[in-house]
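Thanks for coming. I have one structure to go through today, so please look at the sequence and the model on the screen.

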Amino acid sequence: MKVAIYGQYYQNSTEPIIRDIFVFFNENNVEMIIEADFLKLLYDKQIVKKEYKTFQSYKELDSSFDIMISIGGDGTILRAATLVRDSGIPILGINAGRLGFLAMVQKDEIAEFLQFVIEKKYTISERSLISLSSSPEISEIEDINFAMNEISVSRKDTTSMITIETYLDGEFLNSYWADGLIIATPTGSTGYSMSCGGPILTPNVASLVITPIAPHNLNARPLVIPDDTEIRLKISGREEQYLVSLDSRIASVKNESILTIKKTPFKIKMVEIQEETFFKTLRNKLLWGEDKRN
């Protein structure tokens, strides 16, 4: 078995997790290829000493890999997705962060769940992504122009709201007067969009959510649309630029630029262990059913 390993370091809380993963895979003769910057960090922290093969970019990941292990939180998985891209390599998230809707494996379950991985006792959840194109082009996002959670636009350098003209498949929808607008995938519906009042979508629905951020037009509500809809945005405001973000990647965009958002032709494969379902994660993370009156 051949696995790629990518991660983030969260001080002392991460060290036992990393050691457990490396010990388990070494004991089971699993070939590990480590992301180069992450391995350098592990050497610097003296968490591992053995020599390992490394990879540095998505170009080095191919179908010979069985799985990618992401060590960190949900943000780490989003960065791992930029490495996996359209290779079809499934991602399993080991949670070393906090909330974690995507990084489902907890630190006290690592050995048990990695055994499932070796025995291939898992299922695959395919997650839709959305891509961004712009006129004029945004140089900062040319290479990685897709997002797994959401694409959002927001004001920059000002407390004034921006106006976001929104078109769906060429038809005018609304001019949102707000701090910004979020276009979220089902995966991203439990993130930024949810915190702004958007609905939770199950991962397999073929939909997107348009969620305004602090809209001044109070009758503007989150809207669920089919995921094959082409969304076009034109933003204007008092400042010369506004911000556009693709998950955690941010770029500045000039006023009056045209942004086009649509579903990508490929999906990211997430590993799901039978004991850790999406609904169980919702119950645990959002404390559903924890009301003492129940």
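I will take the sheets, then a pair of helices, then the salt bridges and two backbone details.

Keep in mind throughout that this is a predicted model.

Sheets, then. As general background, strands of a sheet pair through backbone hydrogen bonds, and the pairing is either parallel or antiparallel. Take the sheet that contains E7 and E8. It is open, it has six strands, and reading across it you get E8-E7-E18-E15-E10-E11, with antiparallel pairing. Which strands sit at its edges? They are E8, at 146-147, and E11, at 171-178, and each of these pairs on one side only. At the E8 end, the neighbour is strand E7, residues 130-135, joined to E8 by two bridges, with the two running antiparallel. If you want to find that spot on the screen, look for Ile130, whose bridge partner in E8 is Ala147.

There is also an open six-stranded sheet with the order E14-E13-E12-E9-E16-E17, and there too the pairing is antiparallel. Its edges are strand E14, residues 223-226, and strand E17, residues 249-254, each pairing on one side only. From one strand to the next, the twist averages 20 degrees. At one edge, strand E13, residues 207-213, pairs with E14 over four bridges in the antiparallel sense. Ser207 is a useful marker here, with Pro226 as its bridge partner in E14.

Now the helices. Two packed helices are described by the angle between their axes and the distance between the axes. Helix H1, residues 15-27, and helix H4, residues 110-118, have axes that come within 10 Å and cross at roughly 40 degrees. That angle is why H1 counts as oblique to H4. The crossing of H1 past H4 is right-handed.

What does H1 bring to this contact? Its residues are Ile17, Asp20, Ile21, Phe24 and Phe25, and they meet Ile110, Ala111, Leu114, Gln115 and Ile118 of H4. By class, the residues of this contact are eight nonpolar, one polar and one charged.

Staying with H1, there is a salt bridge between Arg19 and Glu15, with the closest N and O atoms 3.6 Å apart. Arg19 and Glu15 are four residues apart in helix H1, so about one helical turn separates them. How many salt bridges turn up in the whole structure? The search finds 10.

Last, the backbone. Between Ser135 and Pro136 there is a cis peptide bond, with omega about 0 degrees. Pro136 lies in the loop between E7 and E8, which takes us back to the two strands joined by two bridges.

The other detail is Gln46, a residue other than glycine with a positive phi, near 60 degrees. Gln46 is in the loop that runs between helix H2, 36-44, and strand E3, 53-55.

That is what I have; I am happy to go back to any of these on the screen.

Notes: Residues are numbered from 1 along each chain as its sequence is written. This is a predicted model: local features need pLDDT of at least 70, side-chain atom pairs count only at pLDDT 80 or more; totals for chains, interfaces and linings use all residues. Side-chain values use heavy atoms; hydrogens and water are left out. Two strands pair if DSSP finds at least two bridges between them. Axes are lines fitted to C-alpha atoms, for helices over the stretch in contact, and angles run from 0 to 180 degrees between N-to-C directions. Angles under 35 degrees count as roughly parallel, over 145 as roughly antiparallel, 65 to 115 as roughly perpendicular and the rest as oblique. A crossing is left-handed if the near helix is turned anticlockwise from the far one by less than a right angle, and right-handed if clockwise. Contact means heavy atoms within 4.5 Å. Ala, Val, Leu, Ile, Met, Phe, Trp, Tyr, Cys and Pro count as nonpolar, Asp, Glu, Lys and Arg as charged, and the others, Gly among them, as polar. A salt bridge is a side-chain nitrogen of Lys or Arg within 4 Å of a carboxyl oxygen of Asp or Glu.
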